[in-house]
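Please find below some notes for a colleague who is meeting this structure for the first time. They are set out as numbered points, to be read with the sequence and the model at hand.

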Amino acid sequence: MEKEGLGLEITELRLGLPGRDVAEKMMKKRAFTEMIMTSSGSSSDQCESGVVSSGGDVEKVNDSPAAKSQVVGWPPVCSYRRKNSCKDASTTKVGLGYVKVSMDGVPYLRKMDLGSSQGYDDLAFALDKLFGIRGIGVAFKDGDNCEYVTIYEDKDGDWMLAGDVPWGMFIESCKRLRIMKRSDATGFGLQPRGVDE
Amino acid sequence: MNYFPDEVVEHVFDFVTSHKDRNAISLVCKSWYKIERYSRQKVFIGNCYATNPERLLRRFPCLKSLTLKGKPHFADFNLVPHEWGGFVQPWIEALARSRVGLEELRLKRMVVTDESLELLSRSFVNFKSLVLVSCEGFTTDGLASIAANCRHLRDLDLQENEIDDHRGQWLSCFPDTCTTLVTLNFACLEGETNLVALERLVARSPNLKSLKLNRAVPLDALARLMSCAPQMVDLGVGSYENDPDSESYLKLQAAIKKCTSLRSLSGFLEAAPHCLSAFHPICHNLTSLNLSYAAEIHGSHLIKLIQHCKKLQRLWILDSIGDKGLEVVASTCKELQELRVFPSDLVGGGNTAVTEEGLVAISAGCPKLHSILYFCQQMTNAALVTVAKNCPNFIRFRLCILEPNKPDHVTSQPLDEGFGAIVKACKNLRRLSLSGLLTDQVFLYIGMYANQLEMLSIAFAGDTDKGMLYVLNGCKKMKKLEIRDSPFGDTALLADVSKYETMRSLWMSSCEVTLSGCKRLAEKAPWLNVEIINETDNNRMEENGHEGRQKVDKLYLYRTVVGTRMDAPPFVWIL
């Protein structure tokens, strides 16, 4: 079972721990990390120059967890499972479009598809329809004159006033919505929009 | 047996149900071949391109149940482009034309279209059972055809498919006369569900034993569904929202208590962990628990639930359970046969959720364990040696250390000895997946000891062609070999071409095989389809002199009796 590939390797002189071929280990590690470097967009020159000659340069490679995960198909979790159980809130939960909407005084929550609204106006209309109460959405346009305040929980877990950021940014970060009574929010120094302009 | 009339022989054959056994029977003699083929009702085709519909129907004209698998396993991990193949349409067309009495169709990793589903629903009067696993290409419109047209539908089981949800009314397409449902699984649908139609359907299906709901079915609907189906055996909970009001929750508790036949629980796609206690009363009956999609259930709520499940045989869980949680499993679930621990954090935050300690604890506490899939941060040879000693009965052993090439974290040695211990001790091992730092040595062990091994998955392992050769020469029962990112090349690939006739398929991606090597293989073995999947610049793979040494990105070869397939997309070269 001796094959051509083995001949030269056996005679090669190397420094390394007994029982394990360090250079081969570096070669393999290089192969993997090279994959990360090229797939994460950085130039593979960084990798190639130092690695083959000296093991030390391997340490330069970006070992951050984010880079590791960019190897295609690794870890071997099927794509359906990846989409459905990613803990990272910035991917699955928001991307799906359905967010929970709670309204103060209403004993049950609703679910609505943010993806089906085109903008804040649409959202205003949809919220009104959802709870059968007019005037929820008016808050987006006219800060002062409405009984309700619409807030949302963003990716970081903070509660933000809806309507401040552009629509695209909003739907990307909105995890859930809550419609509060304005009376509960007084004392928090809510500036009506347009005051600072 | 030769003195018995055919009918008697056929009657005897009726008792032989496994595919392997029936295949063996058909090889005994011409007369048995003939009797067997006319009496065969269930046919299993592990690779849809190994044969074609015409040959299937010629040989088994009385078939009632067909199982087909399409794409190779690594398609699950996005290594196979979507348009690669695996279309079910030609099969359904041929079956429809032949008027065979199809009752059951089970598909895995195939491309299914709404057109296929519509044709299926209209062509077979007695069609009863549709099981689709990891398929794609269809929408809820296709489901509507099945619902509307299959008068005797018993099973509609959709597992982990990519279905375009048109948010239509497919559930209301089941006619009022449809009362035969036994299995209804639509957990993988993303969109809204017509709850009224669902409740009516469940209420008029007295035989319904398995119901798996999607995300869009909230807790109060769950309570109503369970109370009109107390005969439920297998339940997949959809959404289990936070803060249900006390009335809904009480109703749910009451409904659950009545479901004394419940043996299997899954789902909790969105969960309020503190509501899990509603399920405690029936936990002692559970034999199967799948919480692998329930990211919000962990910590003490999870542990409390598991402590009630003393009869559990199958557990699928996320690694957020931790080593401590696995110790609880080990001390509680003495009947455990199958365990799968999935990674909860795929982006790689480095949270050491489970380690070798959890695995050792499970092996020590669960003597009946025979199948395991374990994603973990680290492993040691010592732990694997202990596991092998504790559990010599493994049939399936799949270990995935999240960081490729990671050595034994205590000794920094490769994990050859650990896996070696596993294959040596587990004489019935049929499936093995390797990970961590591995040299050719582990393959020497596998070739020597893994006599029953049928499926082997290799990633980032081995040093030279010798590794692959050890496996090809040693594992006589090998059926499916899949390798990625390992330094095996043409020498190993070409050493024994006849070996591939005894295997279903070989996958090699990001290895060292070259185009000329693959061409030589294709020449030597015309009964193989040697496919090169080349998604990058096509010009690089041209036929001139030195380009032959170009490394092949993805190679997939499989034995076939029908030659080159005609439906391959342009980026697939069949040599």
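**Notes on the two chains**

1. Chain A contains 10 helices and five strands, and the reader should keep in mind from the outset that this is a predicted model. Of the 197 residues in chain A, 38% are buried, and its accessible surface amounts to about 11400 Å², with 54% of that belonging to carbon and sulfur atoms. Among the contacts in chain A with a separation of 6 or more, residues 24 or more positions apart account for 48%.

2. The five strands of chain A form an open sheet with mixed pairing, and their order across the sheet is E2-E1-E5-E3-E4. Strand E2 (110-113) and strand E4 (159-161) of chain A are the edge strands, each of them pairing on one side only. From one strand to the next, the twist averages 30°. Helix H7 of chain A packs on this sheet, where it touches E1, E2, strand E3 (148-153) and E5 of chain A, and its direction makes about 150° with that of E2(A).

3. Within that sheet, strand E1 (residues 98-103) and strand E5 (residues 176-181) of chain A pair in the parallel sense, over four bridges. As a particular case, Ser102(A) has Arg178(A) in E5(A) as its bridge partner. As general background, the strands of a sheet pair through backbone hydrogen bonds, and they may do so in either a parallel or an antiparallel way.

4. Helix H7 of chain A spans residues 120-131 and includes Ala124(A). Is Ala124(A) buried or exposed? With a relative accessible area of 8%, Ala124(A) is buried, because buried means under 20%. Ala124(A) and Ile136(A) are 12 residues apart along the chain, and their C-alpha atoms are separated by 6.6 Å.

5. In chain B, strand E1 (residues 42-45) shows an alternation of side chains: Val43(B) and Ile45(B) point to one face and are buried, whereas Lys42(B) and Phe44(B) point to the other and are not. This follows a general rule, by which the side chains of a regular strand alternate between the two faces of the sheet. E1(B) runs parallel to strand E2 (residues 65-69) of chain B, to which four bridges join it, and the bridge partner of Val43(B) in E2(B) is Leu66(B).

6. A nonpolar patch on the surface is formed by Phe4(B), Val8(B) and Val12(B), which together have about 230 Å² of accessible area. Of these residues, Val12(B) lies in helix H1 (residues 6-13) of chain B and counts as partly exposed, at 36% relative accessibility.

7. Two further positions in chain B can be read through their surroundings. Ser509(B), placed in strand E20 (residues 505-509) of chain B, counts as buried at 3% relative accessibility; leaving aside its neighbours within four places in sequence, its contacts include Leu79(B), Ile483(B) and Asp553(B). Glu335(B), by contrast, is found in the loop between helix H13 (322-332) and strand E14 (338-342) of chain B, and is partly exposed, with a relative accessible area of 32%. Beyond its neighbours within four places in sequence, Glu335(B) is in contact with residues including Lys310(B), Gln313(B) and Lys368(B).

8. How many salt bridges does a search of the whole structure find? The search finds 26 over all chains. In one of chain B, the side chains of Glu36(B) and Arg22(B) meet at 2.8 Å, N to O. This pair links distant parts of the chain, with Glu36(B) in helix H3 (residues 30-39) and Arg22(B) in helix H2 (residues 19-26) of chain B, 14 residues apart. Glu36(B) is buried at 0% relative accessibility, and Arg22(B) is also buried, with a relative accessible area of 7%.

9. Lys212(B) forms a salt bridge with Asp234(B), their closest N and O atoms being 3.5 Å apart. Lys212(B) lies in strand E9 (residues 210-212) and Asp234(B) in strand E10 (residues 234-240) of chain B, so the pair ties together parts that are 22 residues apart in sequence.

10. The salt bridge between the side chains of Lys324(B) and Glu327(B) has an N to O distance of 4.0 Å. Because they are three residues apart in helix H13 of chain B, Lys324(B) and Glu327(B) are separated by about one helical turn. Lys324(B) counts as exposed at 62% relative accessibility, while Glu327(B), at 33%, counts as partly exposed. Finally, Lys111(A), Arg215(B) and Glu270(B) are joined into one network by salt bridges that share partners.

Technical notes: Residues are numbered from 1 along each chain as its sequence is written. Chains are lettered from A and ligands numbered from 1 in the order in which they are written. This is a predicted model: local features need pLDDT of at least 70, side-chain atom pairs count only at pLDDT 80 or more; totals for chains, interfaces and linings use all residues. Side-chain values use heavy atoms; hydrogens and water are left out. Helices (H or I, at least four residues) and strands (E, at least two) are DSSP runs, numbered from the N terminus. Buried means under 20% relative accessible area, exposed over 50%, partly exposed in between (1.4 Å probe, protein chains only). Patches are made of residues with over 30% relative accessible area and no salt bridge: like charges are joined within 9 Å, nonpolar side chains (Val, Leu, Ile, Met, Phe, Trp, Tyr) within 5 Å. Accessible areas come from the Shrake-Rupley method with a 1.4 Å probe; for residues, only the protein chains shown count as cover. Two strands pair if DSSP finds at least two bridges between them. Axes are lines fitted to C-alpha atoms, for helices over the stretch in contact, and angles run from 0 to 180 degrees between N-to-C directions. Contact means heavy atoms within 4.5 Å.
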